[in-house]
Amino acid sequence: MRRKDVLDLDDFSAAELTEVLDTTVAMKEVLARPIRRVPPLRGKTIVNCFYEASTRTRVSFELAAKNLSADVINISASGSSVEKGETLVDTTRTLQALGADMVIIRHSASGAPYLVARELDASVINAGDGWHAHPTQGLLDLFTVREKLGSLEGRKIVIVGDVLHSRVARSDVWGFATMGAEVVLCGPPTLMPVGIETAAAEGLHRKNGNGAHKEHAAVRVQYDLDKAIEGADVVMALRIQKERMDAGMFPSLREYARLWGVNRERVARAKFGALVMHPGPMNEGIEIAPDVAYGVQSVIESQVTNGVAVRMALLYLLAGGQGGRVV
Ligand code: CP
């Protein structure tokens with residue numbers, strides 16, 4: 001992998017995404033062994049810098065790094081010199097001076113990992129920045145769909161809910177569209193980014209080595225969930241992010257569940273055998289009904305489990321490992 005950092009999926013080609021997904025298959029084989037530890041990152045130090053709450057991402061990065069024999073340090077804002085007013089750049093420079101080879105950062109400010117990546121020689125991985133991006137969640141979502149359905153090209157992926165505040169949705173759009181899937185974004189108009197319909201109609205602006213260029217990826221916006229869900233291969237519910245929301249974005253949680261909740265009747269409108277996904281943590285009974293979240297079509301637990309293998313693959317490739325090979 002010829003990159004220092006992983007900040008979003010908007011600069012990943014289909015070939016690069018495929019390399020990560022193929023290497024994840026190899027990592028799953030490692031995780032199925034009686035001893036799940038392999039040596040490629042021996043002698044490397046990885047620092048998990050989580051300035052915002054996390055269970056899945058933080059734990060899976062820690063497990064991934066340990067499974068690859070790296071030394072792992074976990075820091076959070078509380079208990080670090082951030083409490084004394086140290087800046088993000090100074091903190092991460094200090095971590096690099098202490099020997100960090102890779103810094104994994106989650107931050108409430110969109111763009112924070114970009115600032116850190118510009119300042120450090122160490123690799124930086126974005127573990128979620130504000131409303132902006134969550135590339136490793138995007139990768140594990142791609143992997144889970146490819147693993148369960150066998151392919152991504154031409155699949156209809158319906159992402160429903162609080163798109164406005166969702167860094168998962170933003171990274172998923174890039175990932176699925178790059179792999180040739182059709183993405184349908186659905187939710188209340190008040191929880192859609194301003195100008196999304198125009199942007200979807202115009203296509204995605206991708207940055208690569210030659211500067212920005214436009215791609216006409218298949219992204220659509222639909223406000224009626226019952227219509228959007230017809231023929232879907234995947235239905236992904238997003239968490240209502242109450243902590244990032246002003247009052248009055250929708251009438252009530254009950255009304256939200258009635259209009260935008262993923263329930264059994266709605267899933268029945270999707271393709272036979274469609275997958276139900278959620279990045280977690282879930283507000284059960286609001287954006288997703290409990291019987292759907294834990295039903296036969298749900299792959300929500302697989303998403304969590306695959307997070308370890310996907311992050312192992314990414315750490316391995318960033319450290320210079322050969323793609324697609326069993327370690
Ligand atoms: N999906 C996700 O990012 O979960 P956590 O906040 O628990 O890491």
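These legends walk through close-up views of a predicted model, taking in its ligand site and its largest cavity. Local features need pLDDT of at least 70 and side-chain atom pairs pLDDT 80 or more, while totals for chains, interfaces and linings use all residues. Numbering runs from 1 along each chain as its sequence is written, and side-chain values use heavy atoms, leaving out hydrogens and water.

**View 1. The shell around the ligand.** Here you meet S54, T55, R56, T57, R106, H134, Q137, P279 and G280, each with a heavy atom within 4 Å of the ligand. One is nonpolar, six are polar and two are charged, with Pro counted as nonpolar, Arg as charged and Gly as polar. Domain 1 (14-133 + 304-318) and domain 2 (135-303) each supply at least three residues; the bounds come from an automatic or database domain assignment.

**View 2. Polar contacts of the ligand.** These are pairs of N or O atoms within 3.5 Å. The side chain of R56 places an N or O atom 2.7 Å from a ligand oxygen, and a backbone N or O atom of T55 is 2.9 Å from an oxygen of the ligand. At G280, a backbone N or O atom lies 3.3 Å from a ligand nitrogen. Of the 250 Å² that the ligand exposes when taken alone, the protein buries 91% (Shrake-Rupley method, 1.4 Å probe).

**View 3. The largest cavity.** A cavity is a set of points on a 1 Å grid over the protein atoms alone where a 1.4 Å probe fits but cannot get out. The whole structure has one cavity of 30 Å³ or more, and the largest cavity has a volume of about 60 Å³, the space filled by probe spheres set on the points. Its lining residues, with an atom within 4 Å of a point, include R56, Q137, P279 and R311.

Key: A polar contact is a pair of N or O atoms within 3.5 Å; within protein, one must be able to donate a hydrogen and the other to accept it, and residues adjacent in sequence count only if both atoms are side-chain atoms. On a 1 Å grid over the protein atoms alone, a cavity is a set of points where a 1.4 Å probe fits but cannot get out, and a pocket is an open set with protein on both sides within 12 Å along at least five of seven lines; lining residues have an atom within 4 Å of a point.
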